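Biologist: Got a minute to walk me through this one? I'd like the sheets, then the helices, then the contact between chains.

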Amino acid sequence: MPPLPLPRRGRGQGEEGWATERLFSLEGRTAFVTGASRGLGRAIALALAEAGAAVACAARAREQIASAAAAIEAAGGRAQAIPLDVTSAEGIRAAMTEAEHALGPIDILVNNAGVTLDKPSLEVTDEEWDAVLVTNLTSMFRCARAVAPGMIDRKRGKIINVGSMYGVLGVPRYAAYCATKAAVEGLTRSLAAEWARHGIQVNCLAPGYMNTDIPRVAMADPKTRERFLSKIPARRIGEPAEAAALAVYMASSAADFLTGQTIYLDGGQTTAW
Amino acid sequence: MELNLKGKSVIVTGGGSNIGRAISLAFAREGAHVTIAEIDTGQGEKTAAEARKAGAASAVVASTDVTKWDSVQATVREVEARTGRVDVLVNNVGWTLDRLFVEKERTEWEKEVQLNLWGMINCTRAVLDGMIARKGGAIVSMGSDAGRMGEFREAVYGACKAGVIALTKSLAREVGRHGIRLNVVCPGMTMPSSEEEFGGLSMWAAEVNRAWGTPEMQARIAKAYPLRRIGKPEDVTGAVLFLASDAAGFITGQTLSVSGGYTMM
């Protein structure tokens with residue numbers, strides 16, 4: 001019986017490389033998080049920093065990104081607040097340059113910025129439709145394209161696109177939002193396939209109902225709350241810290257063989273699909 | 001990131017060989033109580049010794065035939081008596097022969113169904129009562145990209161793995177309210193790194209499967225993966241640890257391919 005040949009080890013991963021603290025560590029990495037001013041983006045930025053990454057906290061709201069960066073620094077991490085309107089192609093390029101200048105080459109991009117639009121489709125204006133597409137979809141492509149050349153040079157990179165459970169559920173009044181979130185999954189798979197050979201992994205983190213501003217307000221009403229929860233097998237909504245933990249996993253070398261995947265963080269809500 | 005797996009009671013079926021071995025050792029490094037549920041107790045003991053060295057709170061081999069309900073029940077009862085509970089079950093046992101559907105013997109199909117599907121059903125059923133009573137638990141089952149895509153020479157195996165995925169989704173709905181999560185990790189082709197890493201009953205010991213090991217075949221398989229290499233047992237341990245941990249507390253019913261981009265869906 002001929003012996004089985006040994007598969008080659010991945011880069012830098014001897015047996016000791018599989019120790020968990022190193023497996024999930026982001027020590028020495030630099031991350032760029034869009035929409036880092038609040039909600040999931042802020043939670044993700046803080047968690048990446050806690051795992052060891054230097055984090056560029058990008059968003060429009062200057063006070064809030066300054067607050068996120070300050071929270072990271074107060075905990076002993078490195079951070080930079082980067083003002084950014086993701087709808088501006090020029091703004092994206094400038095923000096990336098500013099972040100790399102302050103913190104070093106970007107190893108991890110978290111495309112998190114997004115807007116929702118809750119409106120009957122017949123009433124949605126062309127301008128509203130375009131704004132959702134640019135913010136939720138085009139910006140992700142532009143940010144990815146801005147960081148990819150450096151990642152290709154260094155043969156290493158992680159891109160995490162924040163999708164949504166709404167990317168697979170048909171939700172009334174959310175046509176533009178649902179369309180962009182479904183598109184984010186397609187974008188993820190295409191970029192994953194295209195850049196895999198360069199050592200870049202691209203994955204999609206797709207939350208269900210999370211304990212952030214909008215659901216928190218909706219859930220205050222007991223009837224709405226019951227209606228929400230009855231659809232979630234886990235009988236609760238998710239916490240931003242849980243989205244952050246998934247982002248840390250996706251950003252770490254624990255996920256080096258994971259690419260093109262969408263993980264729904266939804267307490268089981270999409271399992272019917 | 002704190003996975004908080006220290007002191008957790010974990011059962012890994014087929015935990016002695018190849019992917020199962022890597023998973024057992026990964027939980028060991030986290031300081032968990034690892035029970036290696038193995039039909040090949042000799043191979044299990046080899047891995048258990050490594051697990052103790054790696055830092056397991058304890059590492060014990062439980063002689064288990066996952067296809068036999070009595071054997072599975074006995075193992076779960078023994079673990080509950082010894083560690084007080086089962087926090088995590090990893091349904092890892094898997095087996096296939098590299099042969100076309102029309103060339104396979106019925107006995108080979110039956111063995112595939114027994115090991116890949118009945119084994120998962122038995123073990124999952126056996127741990128659920130305790131998990132429901134304790135209001136919590138995580139089950140991570142090894143699926144396969146063969147269960148998501150149509151694969152040559154893996155018809156019945158693929159059908160079983162699709163069954164593992166469907167059963168996981170259904171159960172995730174049924175038992176979510178008890179705080180129990182079920183998820184699937186789908187490796188692609190995953191080769192052991194040395195002969196030491198699997199026992200004589202492993203699918204890797206089967207003569208027909210040696211064809212996968214020729215350099216030409218390896219090169220062909222690697223080319224099908226966007227990341228351009230064949231999987232190593234350690235590739236999936238990050239996903240398994242994460243899904244088994246409280247860090248993945250809101251993730252259930254999901255199927256995750258950790259296969260270098262081979263399957264994206």
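**Sheets, helices and the contact**

Modeller: Start with chain A, in what is a predicted model. Seven strands make an open sheet there, ordered β3-β2-β1-β4-β5-β6-β7, and the pairing is parallel.

Biologist: Which are the edge strands in chain A?

Modeller: β3 (79–83) and β7 of chain A, each of which pairs on one side only.

Biologist: And by how many degrees are neighbouring strands turned against each other, on average?

Modeller: By 15°, ignoring direction.

Biologist: Take one pair. How many bridges between β4 and β5 of chain A?

Modeller: Four, in the parallel sense. The strands are residues 108–111 and 157–162. A:V110 in this pairing stands opposite A:I160 of β5(A).

Biologist: What does α6(A) lie across?

Modeller: β5, β6 (200–207) and β7 of chain A. α6(A) runs at about 165° to β6(A).

Biologist: Then where does α4(A) lie?

Modeller: Across β1 (30–34), β2 (54–59) and β3 of chain A, at about 160° to β3(A). α4(A), residues 89–103, also crosses α5(A), residues 126–154. Their axes come within 10 Å, and the angle is roughly 35°.

Biologist: Left-handed or right-handed crossing?

Modeller: Right-handed.

Biologist: Which residues of α4(A) and α5(A) meet?

Modeller: From α4(A), A:A89, A:I92, A:R93 and A:M96. From α5(A), A:R142, A:C143, A:A146 and A:V147. By class that contact has six nonpolar and two charged residues, with no polar ones.

Biologist: New topic, α2(A). What is its reach from first C-alpha to last?

Modeller: 17 Å, for twelve residues, 39–50. That is close to the 16 Å expected at 1.5 Å a residue. Ten of the twelve are buried, so α2(A) is largely enclosed by the rest of the structure. Among the buried ones are A:R42, A:I44 and A:L48.

Biologist: What about the phi of A:G52, after α2(A)?

Modeller: Positive, near 120°.

Biologist: Why call α9(A) largely enclosed?

Modeller: Because eleven of its twelve residues are buried. They include A:P240, A:E242 and A:Y249. The length of α9(A) agrees too: the expected span is 16 Å, and its end C-alpha atoms are 16 Å apart.

Biologist: Over to chain B. What's the strand order?

Modeller: β3-β2-β1-β4-β5-β6-β7, seven strands in an open sheet with parallel pairing. β3 (58–63) and β7 (255–258) of chain B stand at the edges with a single partner strand each, so one side of each has no neighbour in the sheet. Neighbouring strands are turned by 20° on average, ignoring direction.

Biologist: How many bridges join β1 and β4 of chain B?

Modeller: Three, between parallel strands at residues 9–13 and 88–91. B:V10 stands opposite B:V88 in β4(B).

Biologist: Which strands does α7 of chain B touch?

Modeller: β4, β5, β6 and β7 of chain B. This helix, residues 237–244, makes about 155° with the direction of β5(B). Then there is α5 of chain B, residues 155–175. That helix lies across β5 (137–142), β6 (180–187) and β7 of chain B, at about 160° to β6(B).

Biologist: Last one. How many residues does each chain put into the contact?

Modeller: 41 from chain A and 50 from chain B. On the chain A side, α1 (20–23), α6 (175–195), α9 (240–251) and β7 (262–265) each supply at least two residues. α9(A) gives the largest share, four residues.

Biologist: And how does the chain A side divide by class: nonpolar, polar, charged?

Modeller: 27 nonpolar, nine polar and five charged.

Key. Residues numbered from 1 in each chain as written. Chains lettered and ligands numbered in written order. Predicted model: local features only at pLDDT ≥ 70, side-chain atom pairs only at ≥ 80, totals over all residues. Contact = placed C-beta atoms within 7 Å. Nonpolar A, V, L, I, M, F, W, Y, C, P; charged D, E, K, R; others polar. Axes fitted to C-alpha atoms, helices over the stretch in contact; angles between N-to-C directions. Left-handed = near helix turned anticlockwise from the far one by under 90°. Pairing = 2+ DSSP bridges. Expected span 1.5 Å × (residues − 1). Buried ≥ 20, exposed ≤ 12 C-beta atoms within 10 Å, placed from the backbone.
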